[in-house]
Amino acid sequence: MLISTDYLVIGAGASGLAFADALAAEADVEVTVIDRRRAPGGHWGDAYPFVRLHTPSAYYGVNSLALGEDRIDQVGGNAGYYERATGDEVFEYFADAAGPLTETGRGRLLTRHEHLGTGSDGEQVRDLGTGELHDVAVRRKVVDARYLEASIPATHTTPFQVAPGVRLVSVNDLPAAAQSDCSYAVLGSGKTAADACMWLLDNDVPPDRIRWIRPRDAWFYDRRHFQPLEQVDAIMEGNSLDAEAGAHAANLEDLFERLEASGRLARIDAAWPATMYRGTMLSARELAALRQIADVVRLGRVQRIEADRIVLERGEAKTGSDVLHVDCTALGLNNAPATPIFQPGRIVLQQVRALSPCFNAALVGFVEAHRDDDADKNRLCPPNPYPSSIKDWPRMMSRTWRTEGRWLSEPDLSSWVAQSRLNLLRALPDHAEEPSVQNAVKRYLAHVRAAIERLKQLDGSTSPSG
Ligand SMILES: Cc1cc2nc3c(=O)[nH]c(=O)nc-3n(C[C@H](O)[C@H](O)[C@H](O)COP(=O)(O)OP(=O)(O)OC[C@H]3O[C@@H](n4cnc5c(N)ncnc54)[C@H](O)[C@@H]3O)c2cc1C
């Protein structure tokens, strides 16, 4: 069967759907989205049972459809902050978000379809249900919405050896495997490992029964600074702290000391150097809870688990048959190197503005609809890889600020950004008269130019600059 379409989007995760939604809203084109999974939503379809968005639902998803009700939680660990959807809610949301795309008659969603590559008759796609091969004739562009495909616990392969009889589960299976008489060894440094520890603590496992095998220590944002709408002053305050720290930083170490001293970033153990930075966030309550876990093993990555010991890169730790090992070592965010987003006949979706995956995909859709020249599109949307280490912060922030500056001289784009529900600063104009907003904007504007220059000097990356 030969299908023809203007755009073939490979990947129906958040990025592919946010791109398709924005493009279809702005241009009279036919868009086909394919995914090898059974349903749209990408990694959310295989997420661990207790995962939630770490950012508010208010600015997550596709531009045309709200996620949640912009409610401020009154009770629980997120009290006082905007609601954050559970993994199941995000997954259901993306099924709803894909609906309108197909209902217009200009969109098509093919799940259980895998892109194999480019053949002589077009793009080759296999129907995983029937095994049939289809050629897709693409009139305009192939959109790679899986370049940054997330590596998640459900699909990754355990990267170390495990002796027979050792009790090891993926974080997805933790709730089912947890038993009242277990001790736990949580393996991993990032947000998933922090979530696993929080799940154990919230389920009344005493902190002294949890060992955290943490190859790297990580920096986390304070969630307070990511609250939109009525609390948008907090986001602006966070931006001003970034700009102030960037403008005055003597070096990388000094930069992170400044970010920590201002309350912008925190590490679980303030006495231990943290080198990992992945742009994730915790609340003050989560941070305090995680600090109760005192048994932290910092001997590098796990090499193998034997019946009575965990062998690590730089030593070993005791273990035993009463210990449930929880594998949280999947990479999560994919920090693939930058490549131009707009290429001849092709779009490779990547980050542009820091920490805004859905916004970025929709932005690229808007720019694709309203600009003709690839050089101009790439000027407005330079790639900005996901961060992994503290060394990535200067590049990520300076590139974000330079790019945002370029949008300001493009009235149509600025107007779209200002109104997009995916823009975390959307409510700023409505609160412009508030003293807290005015103060934060003033400090941000006073420092951002100097911060861009200083951070360019501190940027050790070799990827193309935007
Ligand atoms: C656990 C976790 C929590 C997160 N929480 C947040 C958050 O709170 N807020 C936030 O802003 N961001 C968050 N992120 C960042 C996250 O990466 C994005 O939010 C987003 O969901 C990523 O979507 P994606 O479409 O880029 O990738 P994916 O969800 O990985 O989707 C890529 C899709 O491409 C498909 N695919 C790959 N190859 C092919 C092929 N050859 N043919 C067909 N299909 C193919 C895959 O099946 C997959 O469905 C989180 C990430 C993780 C891992």
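What share of the contacts in the protein chain with a separation of 6 or more is between residues 24 or more positions apart? In this predicted model, such pairs account for 74% of those contacts. The rest of the description starts from the overall fold and ends at the cysteines.

The protein chain contains twelve helices and 20 strands. Its radius of gyration is 23 Å, close to the 23 Å that the globule rule gives for 466 residues, so the chain is as compact as a globular protein of that length. Along the principal axes, the C-alpha atoms fill a box of roughly 60 × 60 × 45 Å.

Next come burial and surface. Of the 466 residues in the protein chain, 56% are buried. The accessible surface comes to about 19,600 Å², and carbon and sulfur atoms contribute 49% of that area. As for charge, the protein chain carries 51 positive and 64 negative side chains. The centres of these two sets lie 5 Å apart.

The structure holds zero disulfides. Cys358 is in no disulfide, and the nearest cysteine sulfur, that of Cys381, is 15 Å away. A disulfide requires the two cysteine sulfur atoms to be within 2.5 Å, so the 15 Å between the sulfurs of Cys358 and Cys381 rules out a bond for this pair. Seen from the other side, Cys381 is likewise in no disulfide, with the sulfur of Cys358 as its nearest cysteine sulfur. Both residues are covered by the protein chain: Cys358 is buried, with a relative accessible area of 2%, and Cys381 is buried at 0% relative accessibility.

Key: Residues are numbered from 1 along each chain as its sequence is written. This is a predicted model: local features need pLDDT of at least 70, side-chain atom pairs count only at pLDDT 80 or more; totals for chains, interfaces and linings use all residues. Side-chain values use heavy atoms; hydrogens and water are left out. Helices (H or I, at least four residues) and strands (E, at least two) are DSSP runs, numbered from the N terminus. The radius of gyration is taken over C-alpha atoms; the globule rule is 2.2 Å times the number of residues to the power 0.38. Buried means under 20% relative accessible area, exposed over 50%, partly exposed in between (1.4 Å probe, protein chains only). Contact means heavy atoms within 4.5 Å. Accessible areas come from the Shrake-Rupley method with a 1.4 Å probe; for residues, only the protein chains shown count as cover. Lys and Arg count as positive and Asp and Glu as negative; His and the chain ends are not counted. The place of a charge is taken as NZ of Lys, CZ of Arg, CG of Asp or CD of Glu.
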